[in-house]
Structure formats: structure tokens, C-alpha cells
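Open the model in your viewer and keep the selection tool ready. The stops below go from a single residue out to the whole, and then to the second chain.

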Amino acid sequence: MSNAVNYGEISKNGLWNNNPALVQLLGLCPLLAVTGSVANALGLGLATLLVLLGSNIAVSLIRKAVSDAVRLPAFVMIIATFTTCTELLMRAFTFELYQILGIFIPLIVTNCSILGRADAFASKNPVLPSAWDGLMMGLGFGLVLLAVGAIREILGAGTLFADMHLLFGEAARGWTIHLFGDYSGFLIAVLPPGAFLATGFLIALKNIADAQIKKREEARREKPLKGSKRVRTTGAIS
Amino acid sequence: MPLLRITSPHTHSPGNTGDVMQQVMLATIPGLIALSYFFGPGSLMNVVMASFTAVACEAAVMKLRRRPVMFYINDYSAVVTGVLLGLSLPPYCPWWIVAVSTGFAIVVAKHLYGGMGFNPFNPAMVGYVVVLISFPVEMTQWAAPRTALPDGQSLLGPLSALQQIWLDTGIDGHTAATPLDVFKQNDSQLVQHLYATEPVFAAGRWAGAGWEWVNLGFLIGGAYLLYRRIFTWHAPVAMLVALTLMATIFYDGGSSTSGGSPLLHLLSGGTMLGAFFIITDPVTSATSNRGKLIFGASIGVLIYIIRSWGNYPDAVAFAVLLMNFAAPFIDYYTVPRTYGHDKPRRATDNRP
């Protein structure tokens with residue numbers, strides 16, 4: 001493996017090309033279950049980010065000490081440790097949000113994207129790139145959570161940033177934005193089908209954007225001049 | 001040399017989708033007349049609005065998918081979806097309910113799954129259920145029938161109906177509980193008592209004023225479609241027989257826990273509309289005749305179960321959607337025997 005670590009590439013993978021929620025379709029259970037509002041989505045996104053960052057660093061540190069045969073149980077133990085830490089932190093500082101998110105905080109242990117990153121990246125790379133990868137993957141996942149939460153909150157309740165005081169204290173109580181004057185609420189957006197629909201439309205949007213980017217890149221690529229001869233290359237290309 | 005076009009001598013049904021869909025639209029007329037007579041012009045307005053919305057959505061999606069727009073508009077399938085939705089939505093419901101349900105039916109339930117012939121769920125029922133669970137307040141108000149209006153009131157005229165639909169002026173007193181609502185909400189009273197005191201039953205004959213005639217209207221339309229061989233008898237008959245059987249088994253002569261007589265279940269709510277216009281959809285139902293029998297009968301049983309022990313007063317849409325899920329499964333186990341073979345073979349059977 002080459003020594004130069006491409007941090008830009010890692011960020012791009014985590015946020016877009018290999019986004020855990022939109023491309024790998026991992027961690028769909030929390031994505032679909034708790035994104036009823038921006039506050040809930042942000043809470044779970046931050047918790048997942050914290051666990052992902054911690055577990056990636058720890059797994060990277062012990063990667064040479066753990067044999068291949070027992071690596072998965074070891075990774076799960078590490079992830080469970082960080083999940084418990086996060087759970088205790090949330091119970092201490094954001095108790096109400098902890099109660100709303102309920103079982104989905106402990107369930108971060110089973111989030112496939114975390115174990116996936118531990119096995120696919122952190123167990124093969126040094127600490128710093130692993131930490132960066134965990135951060136970017138967590139951000140990518142969290143941003144999708146936020147987007148789905150925002151869509152569902154706007155359509156379902158006609159508000160944005162409601163109940164943010166659960167996360168940021170009393171000062172955030174006034175952040176709620178009422179988008180429509182008299183809105184009775186489109187209930188299906190808050191119900192589980194709304195999560196599936198919103199996620200589906202987001203994936204479709206990403207695919208459209210990717211197709212556009214590809215088309216533009218192909219158009220930008222220089223076309224060979226007419227009549228120009230190809231350069232023949234032989235031997236190894238370094 | 002141009003070849004002669006020879007069709008099979010046994011083919012009776014019309015040739016293309018457009019003709020079939022036109023027949024279906026024609027067959028809704030008796031039911032629509034009954035609806036308009038008893039509940040005023042609301043249903044007709046729903047049908048018109050929903051049809052136009054459906055065609056507009058269909059055209060927009062076809063444009064987006066870069067398909068020939070007129071070719072798909074001309075098969076009338078979008079209009080039929082709109083007409084069926086308009087008939088199921090409550091009269092005088094606000095315009096945005098019609099728009100949301102029709103848009104959802106065409107764009108999400110039909111075209112996101114691949115369009116005409118590929119949708120696993122009945123688009124009209126998906127649209128109906130989406131608004132039913134999203135806007136329960138608006139969707140559970142049905143106009144009071146002409147013969148059971150309170151003293152001194154009359155049906156909404158076209159002008160006040162338009163006001164109600166577009167401006168949501170909220171004219172009080174023109175809504176009433178439907179017969180199935182009455183049964184759902186009064187489970188401590190004897191059936192006989194309900195029939196004597198509730199205006200919607202006191203003014204009716206068997207299953208609530210207006211409703212029995214609306215259902216008879218759809219029955220006539222369905223009989224016409226059967227006569228024209230638009231669909232086979234299997235699914236509707238199986239559904240109606242299963243519903244009757246369930247209602248007979250659980251009818252105990254009218255105690256407070258009774259689910260209502262078989263006649264009430266046959267002639268109330270969306271029974272006949274569902275039996276002849278919804279579950280006969282060739283795309284979303286089972287394929288073989290045996291499959292259609294199972295499909296229809298399961299819907300009949302589910303309708304009774306949800307009506308009697310579920311949360312919603314009527315259940316046709318939920319029952320149809322649940323069985324739409326099961327249609328491929330039913331098809332898998334009801335492959336007909338091919339001529340020349342002893343046993344039916346499944347598509348996955350690899351033996352020679």
C-alpha cells in the first residue's frame with residue numbers, strides 16, 4: 001500500500017461516492033425509524049458519528065494485535081463500548097432526547113455501516129486516515145439523516161428545527177420556524193412510509209446528480225484532434 | 001404481400017386497452033347517478049377534478065420519461081384511475097385532497113413502479129389510502145343523504161358545493177355518519193335500536209339511505225361489464241360470497257356486538273365498487289381463474305375482519321392493497337395445467 005494517504009479521496013467517498021446511507025444502504029433501520037424531525041435526526045446522527053469515530057480509531061490501533069479469526073467479535077466489543085459511552089453521555093446531558101430515541105441509541109451497535117468501516121478501512125489503515133474516514137462516513141450518514149428529517153418535518157408538521165432545545169438547551173427553544181401559516185400536517189410523511197418515500201427520492205436525486213456530473217465530465221474531456229496519431233506506449237507505465 | 005389479419009374466433013372482448021377502459025368508465029354511470037341523486041353534485045365534481053388531475057400527471061410523467069404522451073393518454077387508464085378515485089373520495093372534500101391523492105396514485109403508485117402494466121398496487125386505492133391516513137378529519141366526513149337530512153336543510157347546490165371545495169367555507173350540518181361509521185361507533189346498542197333511531201338507517205330500507213342505491217348502481221354497472229366480458233366472474237363473485245359468508249357466520253340476530261347483517265355489508269360502503277371496479281384490475285390481481293377465486297375470497301374475508309374488528313369503518317382499500325401484496329404468491333401456487341401435461345408446472349420447475 002502506498003504511503004501517501006489521499007484525505008480528499010476519503011472525504012469524497014464518505015460524503016458522496018460511497019455514502020453509507022445513499023449508496024451502501026447501510027444503517028437503514030435508524031435512518032427510517034427516527035428521522036421524524038430535524039432534532040431527532042441530528043441527535044442520532046451525532047451519536048452515530050461519535051461511535052464511528054471512536055471505533056475506527058480503536059480498531060486501527062489494535063489492528064496488528066488481533067488475529068483475523070477473532071477480529072469481528074473484537075470489533076463488535078469495541079463498537080459496543082463506544083455505544084455505551086455515547087448512551088451514558090446522552091443520558092447525562094440530553095435526557096429527553098435520549099428517551100425519544102429510545103432503543104435506537106443501543107441499536108447503533110448493530111449499525112452495519114460502523115462494523116463495515118471497521119472491517120473495510122480501519123483494520124487496514126493507520127490511525128489518522130481511519131479517524132478521518134470515520135469522521136467523513138459519520139458526516140455523510142448524518143447529513144442524509146438531517147435531509148430526511150428536514151423533509152419529513154416540513155411535510156409532516158410544517159415546521160423546521162422544532163424541539164431543538166432537547167439537544168442545545170433552552171436557548172434553542174425559539175429556533176422553530178413555522179413555514180406555513182395554517183397547516184394541518186401531511187401525516188404520511190411522519191409515519192414510516194414517509195421515511196421510505198423520502199429516502200427513495202433522495203437516492204433518486206443522487207443518481208440524477210451523478211448522471212449529470214458524468215455527462216458533464218465526458219463533455220469536458222478533450223476530444224482528440226482529427227487526423228492526430230496515437231502515441232504508442234510500450235512497457236510498464238509507472 | 002400484406003398478410004391477412006386473422007383474430008381468434010373465440011375472442012369476444014374488445015381489442016385494446018382504450019376500449020376496455022371506456023367500457024369501465026361507462027359502467028360507473030349508474031353508481032355515479034345514484035351518488036349524485038342522494039348526496040348532491042360533490043361526487044361528480046370529484047370525478048371531474050380527479051380525471052383532469054390524473055391526465056395532467058400522466059402527461060407530465062410521460063414527458064419526463066420521454067415516452068409518447070398521446071399514446072399513453074389514449075389508453076384511458078389514467079382517466080379510469082381518476083374516475084375511480086373521484087367516486088371513492090368523500091363528496092365536497094377540499095380540492096387539495098383530490099389533487100394529492102390523484103397525484104400520488106399516478107406518479108408514485110403507477111409510474112415509479114414502471115407505469116401501465118407494471119404497478120404491483122392498485123393506483124386508485126394507493127391514492128385513497130394515502131389521503132385517508134394523512135387527513136383523517138377531512139376523509140371521514142361524508143355528506144348526509146337527501147332522504148336523511150335534518151329538518152329544513154337541503155342538499156348543497158352546485159355553487160355552495162364549489163365554495164365548499166375551493167374555499168373550505170365549512171358549511172355546518174351537511175355531513176353525517178355513514179352506515180358503517182354508525183356501526184363502528186355504537187357498539188353498546190342493539191342493531192334494531194340503531195336502525196330505528198339513526199336517521200341514515202331510519203330513512204333507508206336495508207343498508208342506509210342512499211348507500212344501498214349507490215351500491216346497487218355499481219352492481220348494475222358491474223353486471224354490464226360481466227356481460228361485455230371485460231373480466232371474468234371469479235374475483236367479484238368470490239369476494240361477495242366470502243363477505244356474505246363471514247357476515248352470516250358472525251351475525252347473531254342483532255345484539256350489540258353484532259357486526260351487522262350480510263345485507264348491510266353487501267350494500268354499504270365501497271363493497272360493490274370494490275368488487276366490480278377495483279379488484280378486477282387485471283394488472284394487480286391474480287392471473288389464473290383459480291387464483292382470482294382465492295384473491296377475491298381473501299379480500300372478502302379481510303373486508304369483514306377490518307370492518308368489524310379494525311380501526312377504520314370501511315376496509316375495501318386496505319383489503320385490496322393487502323391482497324395486491326399476495327397476488328404474485330397466489331399466482332405462484334395456482335399455475336394452471338397446460339394442455340397436454342398431466343400436472344401444472346411452476347416456472348421454477350427445471351425437470352424435463
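A residue is called buried here if 20 or more other C-beta atoms lie within 10 Å of its own C-beta atom. The model is a predicted one, and the tour begins with a residue that can be checked against that cut-off.

**Stop 1: Ile294(B)**

Select Ile294(B), which sits in helix H17 of chain B, residues 289-309. Is Ile294(B) buried or exposed? Ile294(B) has 22 C-beta neighbours inside 10 Å, so the residue counts as buried.

Now show what surrounds Ile294(B). Apart from residues within four places in sequence, Ile294(B) is in contact with Ala286(B), Ile330(B) and Thr334(B). Add Ala238(B) to the selection and draw a distance between C-alpha atoms: Ile294(B) and Ala238(B) are 56 residues apart along the chain, and the separation is 7.5 Å.

**Stop 2: Asn324(B)**

Move to helix H18 of chain B, residues 316-333, and pick Asn324(B). Asn324(B) counts as buried because 23 other C-beta atoms lie within 10 Å. Which residues does Asn324(B) contact, once neighbours within four places in sequence are left aside? They are Pro120(B), Phe121(B), Asn122(B) and Thr284(B). For a second distance, take His234(B), which is 90 residues away from Asn324(B) along the chain; their C-alpha atoms are 16 Å apart.

**Stop 3: Met125(B) and the nonpolar core**

Select Met125(B) next. Not counting residues up to four places away in sequence, Met125(B) touches Ile278(B), Ala317(B), Val320(B) and Leu321(B). Met125(B) also belongs to the largest nonpolar core, a set of 151 residues. Within that core, the residues with the most contacts are Met125(B), Met239(B) and Val320(B). The largest share of the core comes from chain A, where helix H3 (residues 38-61) supplies 12 residues. Both domain 1 and domain 2 of chain B contribute as well, with at least three residues from each.

**Stop 4: the two domains of chain B**

Colour residues 15-167 of chain B as domain 1 and residues 177-333 as domain 2, following the domain assignment. The centres of the two domains, taken over C-alpha atoms, are 20 Å apart. Where they meet, 32 residues of domain 1 are in contact with 29 residues of domain 2.

Look at the domain 1 side of this boundary. Helices H1 (17-27), H2 (29-39), H5 and H7 (123-134) of chain B each supply at least two residues to that side. Which helix gives the most? H2(B) does, with 8 residues. By class, the domain 1 side has 23 nonpolar, 8 polar and 1 charged residues.

**Stop 5: chain B as a whole**

Clear the selection and show all of chain B, which has 18 helices and 2 strands. Its radius of gyration is 21 Å, close to the 20 Å that the globule rule gives for 352 residues, so chain B is as compact as a globular protein of that length. A box of roughly 75 × 50 × 35 Å along the principal axes holds the C-alpha atoms of chain B.

Of the 352 residues in chain B, 49% are buried. Among contacts in chain B with a separation of 6 or more, 73% are between residues 24 or more positions apart.

Colour chain B by confidence. The mean pLDDT of chain B is 85, and 91% of its residues reach 70 or more. Among the elements of chain B, helix H5 (residues 77-88) has the highest mean pLDDT, 94, and strand S2 (residues 175-176) has the lowest, 76.

**Stop 6: chain A and its contact with chain B**

Switch to chain A, which has 10 helices and 2 strands. Follow chain A from the N terminus, and its elements run α-α-α-α-α-α-α-β-α-β-α-α. The C-alpha atoms of chain A fill a box of roughly 70 × 50 × 30 Å along the principal axes. Chain A has 238 residues, of which 36% count as buried. Among contacts in chain A between residues at least 6 apart in sequence, 78% join residues at least 24 apart.

Finally, show both chains together. How many residues of chain B are in contact with chain A? There are 4, and they meet 5 residues of chain A. The chain B side of this contact has 3 nonpolar, 1 polar and no charged residues. For the model, the scores are ipTM 0.78 and pTM 0.85.

Notes
Residues are numbered from 1 along each chain as its sequence is written. Chains are lettered from A and ligands numbered from 1 in the order in which they are written. This is a predicted model: local features need pLDDT of at least 70, side-chain atom pairs count only at pLDDT 80 or more; totals for chains, interfaces and linings use all residues. pLDDT is the predictor's confidence in each residue, from 0 to 100. Helices (H or I, at least four residues) and strands (E, at least two) are DSSP runs, numbered from the N terminus. Two residues are in contact if their C-beta atoms, placed from the backbone, lie within 7 Å. Ala, Val, Leu, Ile, Met, Phe, Trp, Tyr, Cys and Pro count as nonpolar, Asp, Glu, Lys and Arg as charged, and the others, Gly among them, as polar. The radius of gyration is taken over C-alpha atoms; the globule rule is 2.2 Å times the number of residues to the power 0.38. A residue is buried if 20 or more other C-beta atoms lie within 10 Å of its own, exposed if 12 or fewer, and partly exposed in between; C-beta atoms are placed from the backbone. Domain bounds come from an automatic or database domain assignment. A nonpolar core is a set of buried Ala, Val, Leu, Ile, Met, Phe, Trp, Tyr and Cys residues joined through C-beta atoms within 7 Å.
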